[in-house]
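Please open the model in a viewer and keep the selection tool at hand. The tour visits the interior and then a pocket.

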Amino acid sequence: MTVLQGALVVIRPTRAEDVPALALIRATDEVRARWRGGDDLGADIAADLEDPDCNCLTVHHQQRIVGMIQWYSEEEPDYRHAGIDIFLDPAVHGSGLGTDAVRTLARHLVDDHGYHRLVIDPAADNAAAIRCYEKVGFRPVGIMRQYERGQDGTWHDGLLMDLLATELTR
């Protein structure tokens, strides 16, 4: 995959040397509360890099690692689509970097890979993430009840959102 240039971010394939910086971001309270992971976050990220079904990309802003965005695909022809997941350093939350990263990857998935539909599934109570995704053109599809186990061990709802290629904001 080539390097993707957004308005604010640069996105490139994640490399092994990115893992320590990404693990530090994943270890922040804000990210850890929303992103799954075990006790060894570096090992979790390294495992994602080895997963052939996961495409891990590092997000840079002003030549600094600020997070990771991932995508996966369903290639069954009758259900073909791609899904996105992202985490960013809380120090850059609210700066538009998340919207730019999601839009940049979405454009790549639509224009370069030909996906007609994308999905993303934030926690139902993550209003900031939902606003970010809506700015790109994602729309709520519905609540997935007790979708994900939280750090506290209880089940939490998720929001399924999707985006059709024709709805992608440029």
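A nonpolar core is a set of buried Ala, Val, Leu, Ile, Met, Phe, Trp, Tyr and Cys residues joined through side-chain atoms within 4.5 Å, where buried means under 20% relative accessible area with a 1.4 Å probe and protein chains only. The model is predicted, so that local features need pLDDT of at least 70, side-chain atom pairs count only at pLDDT 80 or more, and totals for chains, interfaces and linings use all residues. Residues are numbered from 1 along each chain as its sequence is written, and side-chain values use heavy atoms, without hydrogens and water.

Select first I69, I84, L118, Y133 and F138: within the largest nonpolar core, of 33 residues, these have the most contacts. Next, colour α4, which supplies the largest share of this core, 7 residues; helices (H or I, at least four residues) and strands (E, at least two) are DSSP runs, numbered from the N terminus.

Now centre the view on Y133. Leaving aside residues up to four places away in sequence, Y133 touches I86, V102, I120, P122, F138 and M161, a contact being heavy atoms within 4.5 Å.

Select W35, C56, I65 and M68 to find members of a second, separate core of 13 residues.

Turn finally to the lining of the largest pocket. Its residues divide into 19 nonpolar, 9 polar and 9 charged; Ala, Val, Leu, Ile, Met, Phe, Trp, Tyr, Cys and Pro count as nonpolar, Asp, Glu, Lys and Arg as charged, and the others, Gly among them, as polar.

Terms used:
Buried means under 20% relative accessible area, exposed over 50%, partly exposed in between (1.4 Å probe, protein chains only).
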